[in-house]
Amino acid sequence: MNSVALLSAAKDGILTGAVYALMATGLTLIFGVMDIINLAQGILVILGAYLSYALQVHWGIDLFVGLLITIPLMFIVGVVIERAFIGRLKGPEKTAMSILVTYAVSLLIEGALNMVFSVNDVQLHGWYVAKSFAIGQVHFGYIYVAGFILAAVLLSSLYIMLYRTRFGVSVRASLADQTSAALVGIDVRRVSTITFGIGVAITAAGGMVYGATNSFNASSSYDLISRLLTIIVLGGMGSLGGAMLAGVGMVFIGDMVGVLWSPVWSSMSYFVVLVIVLLVRPQGLFGKLSARVA
Amino acid sequence: MLSKKNLWWVLAAAVFALFPLVVTNPLYTTIGVFTVIYMACATSWNMFSGYSGYIALGSAVFYGSGAYTMALLSIHLHMAAGSSQFWLVPVGGLVAMAFAAPIGWIALRVRRHTFVVITIAVFFIFQLAAINFGFTGGTSGLNLPFITWGFQNYNTPFYYVGLILVVFATLLSMAVRRSRFGLQLLAIRDDEDRALGLGVKVSAVKITGFTMSAFTVGMAGALYALFVGQIYPQFVFDPMFDVSIALMTFLGGLGTLTGPLLGALILEASQQYLTVTFSNGSLYLILFGALFLIVIIFMPQGIVVYLRDRVTKRVERERAAVAANDIASPDVALGGAR
Amino acid sequence: MTTLLSASGVSRAFGGLQALSLCNLDVEKGSITGLIGPNGSGKTTLFNVITGYVKPDAGTVTFNGQNITNARPDAVFSLGVGRTFQLTRIFSRISVLENMLIATQHDESWLRGLLRSKSSKTEVDNAMELLDFVGIAKLADLQAGALSYGQRKLLELAYVLVADPDVILLDEPAGGVNLTLINGIAEKIRTLNKAGKTFLIVEHNMEFVMSLCDSVTVMHQGSNLVTGTPAEVRANPLVLDAYLGGGDDGEDDLREAVASA
């Protein structure tokens, strides 16, 4: 194969992968802080995309401007879900039950989206969606570049929040150990709610970029969530850096397989990579083995 | 002399055995067939996930492997359509086990939270493979030889074979619960590292349990394929299946014997009924999702445990009343303290 | 006397923290050996290394002359090294009696576990006898999660005894339990010791250690500082320095106990 294809795959890996990394970061953050696996993350991304779609179709609001509305809106959606359902879970099967609860939530949202928007595929539009520029022989779609910048900005803000603010300290303390965090006076309950809100708010941006680069309907969420889960397991559950690296790596590998072999197998390559990595490193790339020894 | 508990079992078995003789409307017997299939699957799922606490959300892998085994062997062995095909049902189970062993070996190397996610990922591998491989017929699926026995009683043989699977799964689950092996699974659920430190070979136990539970699910998938006559990857490798059997078990009572049976009976029967009644798929999703949430939020332990606790509480209240009269009721003293 | 269990030159780091560095420990057959030291001196990590929960970076662990350095916890247990945990770890959602049965199958193949019932008559009798020995036989049918903290400690001791180990490692057996129970536990340990069991005990309760143990090893910053009889250890000025100089813990009782000795 030629180097142009390789470069293209690398470009896609970085540009699209960053968006996946953004969506997966929400998921891994929620898991790390709360021990909750949010299966609704996929449908929430689609909900975010539909919100952008609705703003665009009904009020002609530009996709990026619309984020100023959809991100806070999705934050509220996240907080409501956490307060209404997830916060009620406790006991030893909490994580398992969280999977079922978030799956139920995702069915509800899927049903509602199907009713409101029908099951026909839609795609988001903007003057920049179909345009591209070229460096050498490698083409860069505007929307992909913009999506990358958006993801980079949001991820950096997230990092600044986590590492430079008081709230961030609480979140990181809860990531490390909930019980100890509670013991030093951190309101873990509040941290959890806000973390869930943030994890979901991120999907508004991820969903917008996803919707502008793919045609979608509510059932696209299954494909999305399976990729996102694969990314966070590969990166190591609860590891933010791992999610980023795995997001980029997965899209890169998927594209390479698509170019070198056949596009049919590109999505399957994700999972094969996952299995191979787990054989070598069961805890994922950056995960910690958590055997209780004390 | 039958104990009260055994009487209930016998009564329930009789009702199930007589069902297709009493109810002959194919619409309802179809619901009956699906219900017994799910009862067998949920019981089998519970035998590993309920006992060990390792929640698997990829059982459709085994269901689908069983279904494709049935379809492919029926087609390629040029089997005559009819009851001889039922012999392929256990073969479907064995193929499912053959997949389960290596999957378990990989997925059970990690702790339970990650395990859940890996089972989901493995599930998608299988779904994508079924869609993309040639021999599976891709998205257009496979058609089995057409069974020609009468329309009116078409469902009955499937129902009874399904019922046999339910009985098999229940007996197996019961035997496991009573065996040393079952105790080890429970120990793993409560504290895996400690169990290891007491000499339990946790890896071997987990993989064995996981593989065993695939057997009945594979058989159920094979029966399903034979019953519906044509299979598509998106229906036999269905994420809804994965979550449904988990939900059924949670609804009835995770880790209990009757829980999955009861949960599957309630959920699958009502689900089938709702599907028939509400042709609107979206409304159905919303209803199902809402029911799902209500169950988990308000009865997180499941019906069986909920009821058992209520009975126990009543008994305890009565006992407390008795004990109040008996001041000398001995306190259970701390052991070492004399 | 012969050495039953021995760790030599054991080191282990967690990230930047050197939990154990070139630590040596010998446990004589038939002894009750105490292991003391300030918090963070590596006592529990040493336990974890011996019982296979943590792999050492360097050093060897031998038991009965056999090298068990990198053996897994189940293998170590099967050889005859039992242990309890600092925070008791029982199986909370099964009955007390079932807890007792878990440790009985360490020497049998996992496949056989499939084909046999949960327990034989002899196993149940043996389990009940041990429950009776620690004094909680009445609670056998109770779900273990319902036990009090002290009862859990007793159960943990009892289910380790089921497998009839040669040496038993106890991690703070007297921690967090009342005085009567502490004396009860000491009594059980003496009885078992007379019957031939070897003990290695980590404990902060100085009185408990000093009255019970034949030999005491003091750990400091991941290695063994002093070993001797209780009297020798008390008299050693290094020990006092280790506790006072550590400065990272406010264990006044410890300081007093050592100083007043």
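How many of the residues of strand β7 (residues 167-171) of chain C are buried? The points below work towards that strand and then away from it. Please keep in mind that this is a predicted model.

1. **The strand itself.** The answer is five of five, so to speak in plain terms: β7 of chain C is mostly covered, with five of its five residues buried. If you are looking for a place to begin with chain C, residues 167-171 are where this note starts.

2. **Two directions, one environment.** Follow the side chains along β7(C): C:Val167, C:Leu169 and C:Asp171 point one way, while C:Ile168 and C:Leu170 point the other way. In a regular strand the side chains alternate between the two faces of the sheet. Both sets in β7(C) are buried, and C:Asp171 is among them.

3. **The neighbour β6.** Strand β6 (residues 81-83) of chain C runs parallel to β7(C), and three bridges join the two. To find this pairing on screen, look for C:Val81, whose bridge partner in β7(C) is C:Val167.

4. **The neighbour β8.** Strand β8 (residues 198-202) of chain C also pairs with β7(C) in the parallel sense, here over five bridges. A handy landmark is C:Leu169, which stands opposite C:Leu200 of β8(C). Between these two strands the chain passes through helix α7 (residues 179-194) of chain C, making a β-α-β crossover that is right-handed.

5. **Chain C as a whole.** Stepping back, chain C holds 11 helices and 10 strands. Its C-alpha trace spans about 55 × 40 × 35 Å along the principal axes. A compact globule with 261 residues would have a radius of gyration near 18 Å, and the 18 Å of chain C agrees with that. Of the 261 residues, 49% count as buried. Among contacts between residues at least 6 apart in the sequence of chain C, 68% join residues at least 24 apart.

6. **Where chains A and B touch.** Now for another part of the model. In the contact between these chains, 42 residues of chain A meet 37 residues of chain B. On the chain A side, the elements that give two or more residues are α4 (94-117), α9 (220-235) and α11 (266-280). Of these, α4(A) gives the most, with 16 residues.

7. **What that side is made of.** Sorted by class, the side of chain A that touches chain B has 29 nonpolar residues, nine polar ones and four charged ones. When you view this interface, α4(A) is a good helix to pick out, as it gives the most residues to that side.

Conventions
Residues are numbered from 1 along each chain as its sequence is written. Chains are lettered from A and ligands numbered from 1 in the order in which they are written. This is a predicted model: local features need pLDDT of at least 70, side-chain atom pairs count only at pLDDT 80 or more; totals for chains, interfaces and linings use all residues. Two residues are in contact if their C-beta atoms, placed from the backbone, lie within 7 Å. Helices (H or I, at least four residues) and strands (E, at least two) are DSSP runs, numbered from the N terminus. Ala, Val, Leu, Ile, Met, Phe, Trp, Tyr, Cys and Pro count as nonpolar, Asp, Glu, Lys and Arg as charged, and the others, Gly among them, as polar. A residue is buried if 20 or more other C-beta atoms lie within 10 Å of its own, exposed if 12 or fewer, and partly exposed in between; C-beta atoms are placed from the backbone. Two strands pair if DSSP finds at least two bridges between them. A crossover is right-handed if, with the strands pointing away from the viewer, the path from the first strand over the helix to the second runs clockwise. The radius of gyration is taken over C-alpha atoms; the globule rule is 2.2 Å times the number of residues to the power 0.38.
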